Amino acid sequence: MASSCPPGSGPPGSKPPGSGPPDSKPPGSCPPSSGPPGSGPPGKTSWPELVGKKGEVAVARIKSENPHMRDVFTIKEGTPVTKDLRLDRVRVWVNDSDIVTLVPTAG
């Protein structure tokens with residue numbers, strides 16, 4: 001029997017957020033959520049103007065334009081990644097010359 005987790009909660013029996021150190025979660029447990037489904041950090045979430053720029057310049061600009069993004073980093077084209085959706089993450093895809101090749105977007 002599959003269980004579902006309401007937004008912002010963990011699996012049954014888990015501690016509420018802010019009630020102490022995080023427990024290690026078993027595989028298949030519900031991911032943490034900071035708001036209703038589809039919501040993410042406020043502010044800008046896409047940077048098409050950064051295509052063609054240096055990767056580290058793009059990372060710095062994204063962090064300065066939206067400080068709510070918690071995880072912003074460069075990643076080489078072709079690198080395998082997880083398919084999870086995190087609206088506080090921006091992957092900045094770069095080529096061998098550290099040039100941004102795709103529009104950096106939250107997710």
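# A tour from helix H1 to the core

Select Glu65 and Arg61 to begin: they sit four residues apart in helix H1 (residues 55–65), so about one helical turn separates them. Now show their side chains. Glu65 and Arg61 form a salt bridge, with 2.8 Å between the closest N and O atoms. Are these two residues buried, partly exposed or exposed? Glu65 is partly exposed, at 32% relative accessibility. Arg61 is also partly exposed, with a relative accessible area of 32%.

Keep both selected and add Lys44 and Glu49. Lys44, Glu49, Arg61 and Glu65 are linked in a network of salt bridges.

**Zoom out**

Show the whole chain as a cartoon. This is a predicted model. Look for one helix and two strands in the protein chain. Trace the chain from the N terminus: the elements run α-β-β.

Switch on the surface next. The protein chain exposes about 7100 Å². Carbon and sulfur atoms supply 59% of that area. How much of the chain is buried? Buried residues make up 22% of the 107 residues.

Turn to contacts within the chain. Take those with a separation of 6 or more: 38% of them join residues 24 or more positions apart.

**Strand S1 and the segment after S2**

Hide the surface. Select Lys76 and Asp96. What joins their side chains? They meet in a salt bridge, at 3.5 Å from N to O. Lys76 belongs to strand S1 (residues 71–76) and Asp96 to the segment after S2, so this pair ties together parts that are 20 residues apart in sequence. Compare the accessibility of the two partners. Asp96 is exposed, at 71% relative accessibility. Lys76 is partly exposed, at 40%.

Would you like to hunt for other bridges? A search of the whole structure finds eight salt bridges.

**Arg89 in strand S2**

Move to strand S2 (residues 89–94) and select Arg89. Is Arg89 buried or exposed? Arg89 is buried, because its relative accessible area is 4% and the cut-off for buried is under 20%.

Add Asp84 to the selection. Asp84 forms a salt bridge with Arg89, and the closest N and O atoms are 3.4 Å apart. Asp84 is partly exposed, at 36% relative accessibility. Now display the backbone of Asp84 as well. Its backbone oxygen lies 2.6 Å from a polar atom of the Arg89 side chain.

Which other residues does Arg89 touch? Leaving out residues up to four places away in sequence, its contacts include Met69, Asp71, Phe73 and Thr82. Thr105, Ala106 and Gly107 are also among them.

**The nonpolar core**

Clear everything. Select Trp47, Leu50, Ala58, Val59, Ile62 and Met69, then add Val72, Val90, Val92, Val94, Val100 and Ala106. These twelve residues make up the largest nonpolar core. H1 and S2 each supply at least two residues of this core. Why might such residues gather? In soluble globular proteins, nonpolar side chains tend to be buried together.

Finish on one core member, Val94. Which residues does Val94 touch beyond four places away in sequence? Gly55, Thr74, Ile75 and Lys76 are among them. So are Glu77, Ile99, Val100 and Thr101. Lys76 is a residue from an earlier stop, where it formed a salt bridge with Asp96.

Methods:
Residues numbered from 1 in each chain as written. Predicted model: local features only at pLDDT ≥ 70, side-chain atom pairs only at ≥ 80, totals over all residues. Heavy atoms only, no water. Buried < 20%, exposed > 50% of the residue type's maximum accessible area, 1.4 Å probe, protein only. Contact = heavy atoms within 4.5 Å. Areas by Shrake-Rupley, 256 points an atom, 1.4 Å probe, with all protein chains shown as cover. Polar contact = N/O pair within 3.5 Å; in protein donor to acceptor, adjacent residues only side chain to side chain. Salt bridge = Lys/Arg side-chain N within 4 Å of Asp/Glu carboxyl O. Core = buried A, V, L, I, M, F, W, Y, C linked by side-chain atoms within 4.5 Å.
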